[in-house]
Amino acid sequence: MLNNENTFSNKYTTADGSNRAYVSFTFLKTLWFNTGTLCNLACKGCYVESNPINDKLLYLNFKDVEHYINEIQINNWPCKTIGFTGGEPFMNKDIIEILELCLEKQFKVLVLTNAMQPMQNKINNLKRLSKFKKLNFRISLDHYSKYEHEKIRGEKTWDRTFIGIKWLINNNFKFNIASRMLNEDEQVIRDGFAKLFKQHNLTINAYDPQDLVLFPEMNSKFKTPEITTECWSILGIEAKNMMCSDSRMIVKRKEDRQTHVVACTLIPYENNFSYGSKLKDSFKKVYLNHPHCSKFCVLGRSRCSNN
Ligand code: SF4
Ligand code: SF4
């Protein structure tokens, strides 16, 4: 059933009374931090509505992150990867120290960035992290053509991103590319990126889904069906492959200036998907009563982490 005022409203049942699908928590594999929603860009379709003035999620500081890293280590949880997303993480003034902390504690670290001015402004400090082999960046290019990319990201975003990419290459940092599926076949997109990477001498395999991560369009205007417990077998998908089965994200909300643990990177604002301030209290079933669950994860078959 497509969306009306009753869809996605009841936690346990869909609008037609079926049992809503849920995802059981397995173990913590990846912890994400949303470093703050402020961003130097205001891309169309940004799923957290980031832009230069949206500070609904405040900057996390070093102590906020250290607190959760300590919670993982004290409890000996098997979490191996720490991810950072925003907004633009490099707009956070503590980001270098935060990354250094996680890397020194031997976590794999993944930073989602647009590689533009905020990152480039921190180049001198970032250089000192190049010795850490567990640091990876994921850079967003919304299309393989400058024109389509700039239609989403704004003028003069393409060349500036490539300045950042070239700098990362010259300083031996590892990165992959993330893009969106915008009304084109996956094969066409991968072929387009393969050509682009060749033009720029980038050693990224456009046909490897880890090197070029493609995400479905997150346009909220498109309706999406609710997911019931029956859908898993009908679609041939396993709940344990959803991001919320083994990941959580930390956010700091403006309204209470407190950190919260939320189910995943895609739904940072809803209280329904929040579990208080302690990681251990978040290891629970997640009921999929949000359109992103359907559009992005179940029908889009995407997840945010690298593993
Ligand atoms: S760069 Fe990323 S976080 Fe910033 S507005 Fe664009 S999509 Fe959103
Ligand atoms: S959007 Fe988040 S909560 Fe919903 S299925 Fe995806 S990972 Fe789970």
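The following paragraphs describe the fold, the nonpolar core, one helix, the ligand surroundings and the unusual backbone geometry of a predicted protein model with two kinds of site description, for ligand 1 and ligand 2.

The model is predicted, and local features are reported at pLDDT of at least 70 and side-chain atom pairs at pLDDT 80 or more, while totals for chains, interfaces and linings use all residues. Residues are numbered from 1 along each chain as its sequence is written, with chains lettered from A and ligands numbered from 1 in the order in which they are written.

The protein chain contains nine helices and ten strands, where helices (H or I, at least four residues) and strands (E, at least two) are DSSP runs numbered from the N terminus. Along the principal axes, its C-alpha atoms fill a box of roughly 55 × 45 × 35 Å. The radius of gyration of the chain is 19 Å, which agrees with the value near 19 Å for a compact globule of 307 residues; this radius is taken over C-alpha atoms, and the globule rule is 2.2 Å times the number of residues to the power 0.38. Contacts, defined by C-beta atoms that are placed from the backbone and lie within 7 Å, are formed to 72% by residues 24 or more positions apart when a separation of 6 or more is considered.

Of the 307 residues, 40% count as buried, a term that requires 20 or more other C-beta atoms within 10 Å of the residue's own, whereas exposed requires 12 or fewer and partly exposed lies in between, with C-beta atoms placed from the backbone. The largest nonpolar core, a set of buried Ala, Val, Leu, Ile, Met, Phe, Trp, Tyr and Cys residues joined through C-beta atoms within 7 Å, has 68 residues, and Val 109, Val 262 and Cys 264 have the most contacts inside it. Beyond its neighbours within four places in sequence, Val 109 is in contact with residues including Ile 82, Leu 99, Cys 102 and Leu 103.

Helix H2 (95-104) has Ile 95, Ile 98, Leu 99 and Cys 102 as buried residues. They cover an arc of only 95° around the axis and therefore lie on the same side of H2, the arc being that of the directions from the helix axis to the C-beta atoms. The cover over these buried residues includes helix H1 (62-75), S3, S4 and strand S5 (135-140). After H2 comes Gln 106, with a positive phi near 75°.

The surroundings of the ligands comprise residues whose C-beta atom, placed from the backbone, lies within 6 Å. Around ligand 1, these include Cys 39, Cys 43, Cys 46, Gly 86 and Gly 87, and the shell has five nonpolar, six polar and one charged residues. Around ligand 2 there are 16 residues, of which Met 243, Cys 244, Cys 264, Cys 293 and Cys 297 come nearest; helix H9 (residues 291-298) gives the largest share of this shell, four residues. By class, the shell around ligand 2 has 14 nonpolar, two polar and no charged residues, where Ala, Val, Leu, Ile, Met, Phe, Trp, Tyr, Cys and Pro count as nonpolar, Asp, Glu, Lys and Arg as charged, and the others, Gly among them, as polar.

Gly 86 and Gly 87 are joined by a cis peptide bond with omega of about 10°. Ala 115, in the loop between strand S4 (108-113) and helix H3 (117-120), has a positive phi near 60° and is buried, with 25 other C-beta atoms within 10 Å. Arg 257 also has a positive phi, about 55°, but is exposed, with 8 other C-beta atoms within 10 Å.

Note on methods. Two residues are in contact if their C-beta atoms, placed from the backbone, lie within 7 Å.
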